[in-house]
Amino acid sequence: MTAELLDGREIAKDYRAGLQEQVEALKEKGITPNLTVVIVGNDGASLSYVKSKNKAAEKIGMSSGIIHLEEDATEEEVLDTVRRLNEDDNVHGILVQVPLPKQVDENKVLEAIAPEKDVDGFSPVNIGRMYTEQETFIPCTPLGIMELLKHTGSLEGKEVAVIGRSHIVGQPVSKLLTNENATVTLMHSRTKNMVEKLKDYDVVVSAVGKPGLVHGKDLKEGAIVIDVGNTVVDGKLVGDVDFESAKEVASYITPVPGGVGPLTITMVLNNALIAAKRLNNVE
Ligand code: NAP
């Protein structure tokens, strides 16, 4: 079998066109959705990621802002910035780029973001709301993964292996998959004989950051493979999955780059738009 490519760039393009229409409709009501990103320090990868989020927001007609604080900013300065954005009626979505410098307590900052503007969905209130299936913001990478999986058919009854148990990817996506009536096994660095077990699964979502972790010979024939991993090797971005061997066995597979990444940014825009609607009581 040669797998069908789950082309994240194409899927994201279609999705963003839908968002753009909704942004235009909102602007006609006098509301311009705004996404504001706070970044502390000068990490090159973080800066370019923040700029790409803002560019993507502007491309669909949203307004966007970047608040760039010095590397040695104090925790109080970061918290003050977040509080000011919470109070600003023109700001609908707030993102704080992590990781933060060591003098700033990340949990305190994430907790300070008003839940109704927390478009990453990382604040404890929104995480709790997600697990209790209340109105919330679902973290963007898990939401993007679910959007990709919509293109593969129903997940009901499927056996899914999620590899990696982080709070930003593995755990929330396991919850979302469970909501879709899949049966989920959450694997991690202490899982015994993990690779040998993969053959039992209809869907494999790998979110680890270890190139070559998942190989075609270890997959079930016809498996759906979502590669979340992002590692730079010799200046190139690579995933966790050995793409060449896996595509011969899988039914669907995401490439890296161009798979999950474009959907993650798209879901940031999606959540900022939802925030603008909710804050203005627009359906
Ligand atoms: P993380 O917090 O470092 O978590 C990695 C997870 O992988 C941990 O749960 C760890 O297990 C597990 N793990 C490590 N080695 C393993 C092994 N040999 N076998 C099985 N599991 C293993 O990472 P993250 O923030 O979730 O990110 C994961 C990857 O996704 C990274 O490459 C990141 O760059 C990428 N990512 C991509 C996007 C995107 O938009 N494309 C977004 C977010 C993240 P323990 O818990 O036991 O340590």
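The legends below describe close-up views of a predicted model.

**View 1. The ligand and the residues around it in the predicted model.** The shell around the ligand holds 21 residues, the closest of which are Arg165, Ser166, Ser189, Asn230 and Thr264. By class, this shell is made up of nine nonpolar, ten polar and two charged residues. Among the structural elements, helix H10, which spans residues 260-279, makes the greatest contribution to the shell, with three residues.

**View 2. Polar contacts between side chains and the ligand.** An N or O atom in the side chain of Arg165 is placed 2.7 Å from an oxygen atom of the ligand, and a polar side-chain atom of Ser166 is 2.5 Å from a ligand oxygen atom. For Lys210, the partner is a nitrogen atom of the ligand, which lies 3.1 Å from a polar atom of the Lys210 side chain. The ligand taken alone exposes 930 Å², and the protein buries 70% of that area.

**View 3. The annotated binding site at Gly164, Arg165 and Ser166.** An unreviewed UniProt entry carries the annotation "binding site" for Gly164, Arg165 and Ser166. Of these residues, Ser166 is included in the lining of the largest pocket. Gly164 sits in the loop that runs between strand E5 (159-163) and helix H7 (170-179). Arg165 and Ser166 also appear among the residues closest to the ligand, so that the record can be read beside the computed contacts of the Arg165 side chain and the Ser166 side chain.

**View 4. The largest pocket and its lining.** The volume of the largest pocket is about 1,000 Å³. Its lining comprises 39 residues, and those closest to the pocket centre are Tyr49, Thr141, Asn230, Gly261 and Thr264. Two or more lining residues come from each of helix H2 (44-59), helix H6 (140-150) and H10, and H10 gives the most, with six residues. Sorted by class, the lining consists of 23 nonpolar, eleven polar and five charged residues.

**View 5. The two annotated domains.** In an unreviewed UniProt entry, residues 6-120 are covered by the annotation "domain: Tetrahydrofolate dehydrogenase/cyclohydrolase catalytic". Over residues 6-120 the chain is 50% helix and 16% strand, with its end C-alpha atoms 24 Å apart. Residues 139-278 are covered by the annotation "domain: Tetrahydrofolate dehydrogenase/cyclohydrolase NAD(P)-binding", likewise from an unreviewed entry. Over residues 139-278 the chain is 34% helix and 19% strand, and the end C-alpha atoms are separated by 17 Å.

**View 6. Backbone geometry at two cis peptide bonds and at Asp234.** Most peptide bonds are trans, and most residues other than glycine have a negative phi. Val98 and Pro99 are joined by a cis peptide bond with omega of about 5°, and Pro99 is located in the loop between strand E4 (93-96) and helix H4 (106-112). A cis peptide bond also joins Val256 and Pro257, where omega is about 0°, and Pro257 belongs to the loop between strand E11 (252-253) and H10. Asp234, a residue other than glycine, has a positive phi near 50°, and Asp234 is found in the loop that links strand E9 (231-233) and strand E10 (236-238).

Technical notes: Residues are numbered from 1 along each chain as its sequence is written. This is a predicted model: local features need pLDDT of at least 70, side-chain atom pairs count only at pLDDT 80 or more; totals for chains, interfaces and linings use all residues. Side-chain values use heavy atoms; hydrogens and water are left out. UniProt positions are given in the numbering used here, feature names are shortened, and annotations may be inferred rather than shown by experiment. Helices (H or I, at least four residues) and strands (E, at least two) are DSSP runs, numbered from the N terminus. A residue is near a molecule or strand if one of its heavy atoms lies within 4 Å of it. A polar contact is a pair of N or O atoms within 3.5 Å; within protein, one must be able to donate a hydrogen and the other to accept it, and residues adjacent in sequence count only if both atoms are side-chain atoms. Accessible areas come from the Shrake-Rupley method with a 1.4 Å probe; for residues, only the protein chains shown count as cover. Ala, Val, Leu, Ile, Met, Phe, Trp, Tyr, Cys and Pro count as nonpolar, Asp, Glu, Lys and Arg as charged, and the others, Gly among them, as polar. On a 1 Å grid over the protein atoms alone, a cavity is a set of points where a 1.4 Å probe fits but cannot get out, and a pocket is an open set with protein on both sides within 12 Å along at least five of seven lines; lining residues have an atom within 4 Å of a point. Grid points are joined across faces, edges and corners, and a volume is the space filled by probe spheres set on the points.
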